[in-house]
Amino acid sequence: MRRRKAQRTNQAIMRGVIAMALLVLLVAYLFLTMVSCTQSPRGVPVQGTISDAPDSTLVLEAMTLRGVQPLDSVRLSADGTFSFAVPADSASIPEFYRLRIARRVINFVIDSLAPVTIEAPYARMSTHYDIHGNAASRMMKTISLLNIQLQQRLHVLQSDSALSALEKSERAQQLVDAYKQTLKGDYILKAPASAAAYFALFQTIGHQMLFNPEDDRSDIQFFAAVATQWDQLHPHHPRTENLKNIALRGLRNTRQPRAVELQVDGERVREVGIIDFGFPDIRGRERRLSDFGDNVVLLDFTAYSLPRSQQRNIELRELYAAYHARGLEIYQVSLDADEHFWKTMCEQLPWVCVSCPEGGDNDMVKLYNVMQLPTTFLIGRGSELRTRIADFADLRKAIEAEL
């Protein structure tokens, strides 16, 4: 009897120990689950499917102020699924990214810890994708689709042989203006603090910025509106500072010109025949105007955001191809406010391209009396400043005379 009672007592004790152990394990499991839910060691998930693209390389890229930076890549399997992660600090401040296969891209933004899911067929990846996770990315999709539609209509317009060149130009401008007004009214004015508004400001048409923040006061006001809102929500962030700098430079550029007095080193002017200066090129190396030896130099102050910039650079390419072997050099000074845009536009140009970070406020720009863009000078052999080119049509004749 006593032995049975002792056995029952021992069994009760064992059951209690087991129950206590299970309770401890349960508490530990719940604790670990809570910790794992509050931490995101890999960052914000970006996942989805790109169908019909087996063995294609899908690249995740960050759209930074310094340019496009690859972050990760994956070779797609037959089912097309992918999974990336971006830094979790994007949760508080919008950061822009894109998925790319060759030239097909999908732009999106990360503005919270919510996962972003993207599904698309490879053949129509840039236009027929579904995106879930945040409203800003869906608005960016609409902006991108409108841009693609505009460029398609412009292409059809240029192919219409029934229209004169003037009619094509006028209709093209009407189409561009309509797209611009849509962006202003539907995306920038309605929500200037949004990532979509920021994205809208930097839309391009054929490698040319849609908005001109250099000398179009109306466009500058939209940059200023977005900059003001971002400064309230994201003070001191690099994108905010970039917006503010663009807006301030544009406002300064559009003020009434005033006389400027500068102290110039007379000995230096007599020594080289020009007022020498230097600015950094795309790789950050200083390139000076006096570095070209005994060549003829075309000094060109410009902004790649100007309406005719792309066409003008095509014409400069023709001059450069025709006369470079005979001693012609081009020293092109960009007064563009956006550094990333400048680097993108001048990356493939064969001549020396430099950036003036102060724009129209730079002393050397003022000293050369650059009152409008573009402004072009021709410097002869021996570094003698020959002439300011008032009409681009006269440039070829002036170059011939110097060579």
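Start by selecting Ile379 in strand S16 (375-380), and look across to its bridge partner in S17, Leu385. Strands here, like helices, are DSSP runs numbered from the N terminus, with at least two residues (E) for a strand and at least four (H or I) for a helix. S16 and S17 (residues 384-389) run antiparallel and are joined by five bridges; two strands pair if DSSP finds at least two bridges between them. This is a predicted model, in which local features need pLDDT of at least 70 and side-chain atom pairs count only at pLDDT 80 or more, while totals for chains, interfaces and linings use all residues. Residues are numbered from 1 along each chain as its sequence is written, and side-chain values use heavy atoms, with hydrogens and water left out.

Now click on Gly382. The hairpin of S16 and S17 has three residues between the strands, and Gly382 takes a positive phi near 85° there.

Next, pick Pro374, in the loop between helix H10 (363-367) and S16. Turn on the backbone: the peptide bond from Leu373 to Pro374 is cis, with omega near -5°.

**Over to the S1 end**

Select S1 (residues 44-51) together with S4: they run antiparallel, joined by six bridges. Val46 has Phe84 as its bridge partner in S4. Zoom out a little and you get an open sheet of four strands, in the order S4-S1-S7-S8, with mixed pairing. Its edge strands, S4 (81-86) and S8 (130-132), each pair on one side only. Neighbouring strands of this sheet are turned by 15° against each other on average, direction ignored; the axes behind that angle are lines fitted to C-alpha atoms (for helices over the stretch in contact), and angles in general run from 0 to 180 degrees between N-to-C directions.

Follow S1 into the loop that leads to strand S2 (57-64), and stop at Asp52. Phi of Asp52 is near 60°, a positive value in a residue other than glycine. Is Asp52 buried or exposed? Asp52 is exposed, with a relative accessible area of 64%. (Buried means under 20% relative accessible area, exposed over 50%, and partly exposed in between, using a 1.4 Å probe and protein chains only.) Asp55 is in the loop between S1 and S2 too. Asp55 is not a glycine either, yet has a positive phi of about 70°, and at 55% relative accessibility it counts as exposed.

Carry on into S2. S2 pairs with strand S3 (residues 67-75) in the antiparallel sense over eight bridges, and the two form a hairpin with two residues between them. Select Thr64 and you'll find it opposite Gly67 in S3.

**Rings and charges**

Colour the aromatics. Rings of Phe, Tyr and Trp (its six-membered ring) pair if their centres lie within 6.5 Å; planes under 30 degrees apart count as stacked, over 60 as edge-to-face and the rest as tilted. By this rule the count comes to 16 aromatic pairs. Take Phe96 and Tyr198: the ring centres are 5.3 Å apart and the planes are at 20°, so this pair is stacked. Phe96 lies in strand S5 (residues 95-101) and Tyr198 in helix H4 (residues 195-201), so the pair ties together parts that are 102 residues apart in sequence. Phe96 is buried at 6% relative accessible area, and Tyr198 is buried at 5%.

For an aromatic cluster, select Phe277, Phe279, Phe292, Phe301, Tyr331, Tyr368 and Phe377.

Then show Arg104, whose charged end sits over the ring of Tyr122, 4.4 Å from its centre. Such a charge is counted if NZ of Lys or CZ of Arg is within 6 Å of the ring centre and within 35 degrees of the ring normal. Lys141 lies over the face of Tyr129, at 4.9 Å from the ring centre.

**Into the core**

Which residues touch the most other members of the largest nonpolar core? Select Phe223 and Leu243, in a core of 58 residues. A nonpolar core here is a set of buried Ala, Val, Leu, Ile, Met, Phe, Trp, Tyr and Cys residues joined through side-chain atoms within 4.5 Å. Leaving aside neighbours within four places in sequence, Phe223 has contacts (heavy atoms within 4.5 Å) that include Leu201, Phe202, Met209 and Leu243. Apart from this core lies another, of 23 residues, among them Ala53, Phe82, Phe84 and Val86.

Last stop: Val176 in helix H3 (residues 165-188). Val176 is buried, at 18% relative accessible area. Beyond its neighbours within four places in sequence, Val176 is in contact with Leu150, Leu154 and Leu210.
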